[in-house]
Amino acid sequence: MKEIYLNDLNIELKKLLNGKWIESDSDTYIDIHSPLNNSLLGKVPAMSKEEVDLAIESCKEAQKKWKLTNIFERSEILYKAADILEEKIDELSELLIMEVAKDRESARSEVNRTADFIRFTADTAKNMQGEILQGDSFKGGTKDKIAMVTREPLGVVLAISPFNYPVNLAASKIAPAIIGGNTVIFKPATQGSLSGLYLANIFQKAGVPAGVINTITGKGSEIGDYVVTHPDIDFINFTGSSEIGARISQISKMTPTLMELGGKDAAIVLKDADLDLAAKNIVAGAYSYSGQRCTAIKRVLVENEVADKLVEKLKEKVEKLVVGNPLEKQVDIVPLIDNKSALFVEGLIEDAIKKGGKLIVGGKREENIVYPTLIDNVNEKMELAWEEPFGPVLPILRVNNIEEAIEIANKSQYGLQSSVFTENINDAFYIAGKLEVGTVQVNNKTERGPDHFPFLGVKNSGIGVQGIRYSIEAMSRVKSTVINLRK
Ligand code: NAP
Ligand code: G3H
């Protein structure tokens with residue numbers, strides 16, 4: 001693997017600093033192994049605090065010039081980056097398969113989706129306008145007072161991405177940040193950092209000037225606190241677990257943040273639902289990429305009257321999911337990112353069964369492969385009812401009525417998305433209005449895209465709103481210049 005993917009690009013063991021891939025001063029490296037077969041894929045530097053300081057200083061300096069460039073000029077660089085991504089799809093998707101165990105279709109779709117995201121970001125920025133306000137609509141105001149409202153970049157944006165979308169969830173921070181005139185310190189998840197560095201290399205090859213994107217590698221548990229509290233970071237754009245998000249939020253004090261965190265998305269199935277449609281969406285939503293998606297369906301709340309029928313349909317589909325190594329064939333269930341994650345999922349399954357949950361399918365683990373698991377009769381005393389497994393296990397909670405479904409859905413600490421399956425539009429709107437989540441999907445699985453839609457979590461699922469225009473707005477601020485005309 002090393003020869004093909006990394007030596008070719010000459011980025012292994014290196015960091016992107018001020019427009020050059022240079023050797024890190026660190027004498028400590030982190031080995032990146034594949035979750036598929038434990039093979040060594042490469043090494044990234046565990047950067048020192050001094051190196052972090054240099055990276056941030058370089059971004060700060062570069063931002064002075066970058067913010068003065070034209071949006072058209074920035075857009076051309078993004079279009080080029082999107083083109084290179086597409087050219088490199090074979091290589092990059094292989095790397096995603098090896099590094100984070102994506103199945104081939106999902107890996108390719110992540111790369112294509114990212115290219116589309118980057119292009120749409122450029123298009124959107126070119127079409128964003130400021131506004132002019134006249135003073136006479138407020139009591140005592142006058143037509144002679146005019147506010148010219150424009151947008152300014154924030155400065156140096158710290159982009160921290162998770163392991164599960166190492167390319168997409170990095171680009172969806174970097175592209176809106178730089179199109180808005182910010183510079184970016186990019187810290188990829190350690191497992192996923194080779195793919196992240198590959199992406200940074202693409203931006204550099206596309207013509208991003210020196211210092212506009214610098215990379216930081218190293219374990220979040222070691223270098224994270226230092227980076228997020230650095231005085232020269234102007235904005236933190238973080239995607240990852242609620243636990244780390246809460247920590248960053250606590251210690252970063254006055255630095256503004258955009259956070260997309262964990263979820264426990266519920267699929268609410270009413271007695272009048274199209275059960276075939278519901279079953280198809282629930283299985284796709286719960287098990288794709290082995291459930292390692294923030295938006296995966298992580299619990300089903302189904303009305304008693306149709307619970308048996310739904311379980312039967314789900315069982316049929318879950319039994320057909322293909323488990324295996326994505327290098328060998330197209331699979332539905334891939335190995336989890338590491339053994340620790342698989343053990344955690346296994347613990348949740350065991351707890352549910354011990355407390356009376358009925359195992360319908362699966363329940364088996366082999367190292368980091370967890371077989372797709374469906375558990376019925378889950379109740380509120382079981383950890384599986386509340387914890388985010390980030391694995392291929394789906395609990396079914398039977399409910400008496402709509403009110404009970406809403407109550408249990410809202411008891412969660414999370415509030416990312418929810419699905420409602422019903423043929424009754426009034427019930428759909430009623431439930432959507434009551435759910436404490438960022439997005440409600442009517443008759444579909446929970447999912448982030450299309451990527452220009454607003455994407456947000458409430459409660460412990462996030463702070464702020466992503467989505468192309470929303471991300472550009474989040475990483476810029478309004479500037480108001482008031483003209484007072486002579487009378
Ligand atoms: P994670 O463990 O929270 O890590 C996320 C990122 O934070 C990684 O880059 C990690 O670096 C870094 N990090 C760790 N400790 C840090 C610290 N003290 N300061 C600063 N950064 C630190 O999450 P994950 O396991 O990669 O991803 C899975 C989680 O992300 C799930 O909970 C999932 O729901 C959530 N997620 C949410 C969304 C969303 O849009 N809502 C999208 C995707 C994933 P290291 O890798 O070096 O530790
Ligand atoms: O893991 C979290 C991602 O933001 C989810 O994106 O719904 O397209 O899989 P997705």
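Which helices and strands each supply at least two residues of the shell around ligand 1? They are α8 (220–228), β10 (235–239) and α9 (242–251). Helices (H or I, at least four residues) and strands (E, at least two) are DSSP runs, numbered from the N terminus.

## Before we start

This is a predicted model, where local features need pLDDT of at least 70, side-chain atom pairs count only at pLDDT 80 or more, and totals for chains, interfaces and linings use all residues. Residues are numbered from 1 along each chain as its sequence is written, chains are lettered from A and ligands numbered from 1 in the order in which they are written, and side-chain values use heavy atoms, with hydrogens and water left out.

## Around ligand 1

Ligand 1 has 31 residues around it, and the closest are S161, T190, S241, L261 and E388. To be near a molecule, a residue needs a heavy atom within 4 Å of it. Helix α8 gives the largest share of this shell, five residues. Sorted by type, the shell has 15 nonpolar, 11 polar and five charged residues. Here Ala, Val, Leu, Ile, Met, Phe, Trp, Tyr, Cys and Pro count as nonpolar, Asp, Glu, Lys and Arg as charged, and the others, Gly among them, as polar.

Now for some polar contacts (pairs of N or O atoms within 3.5 Å). The side chain of S241 has a polar atom 2.6 Å from an oxygen atom of ligand 1. Backbone N or O atoms join in too: one from S161 lies 2.8 Å from a ligand 1 oxygen, and one from G240 lies 3.2 Å from a ligand 1 oxygen. On its own, ligand 1 has 910 Å² of accessible area, and the protein covers 87% of it. Such areas come from the Shrake-Rupley method with a 1.4 Å probe.

## Around ligand 2

Next up is ligand 2, surrounded by R113, N164, Y165, R293, C294, T295, E447 and R448. That makes two nonpolar, two polar and four charged residues.

Three side chains put a polar atom by a ligand 2 oxygen: Y165 at 2.4 Å, R293 at 2.6 Å and R448 at 2.7 Å. Ligand 2 exposes 310 Å² when taken alone, and the protein buries 95% of that.

## Between two domains

Why does ligand 1 lie between domain 1 (6–261 + 463–479) and domain 2 (265–457)? Because both domains give residues to the shell around ligand 1. Ligand 2 also lies between these domains, because both give residues to its shell. The domain bounds come from an automatic or database domain assignment.

Note on methods. A polar contact is a pair of N or O atoms within 3.5 Å; within protein, one must be able to donate a hydrogen and the other to accept it, and residues adjacent in sequence count only if both atoms are side-chain atoms.
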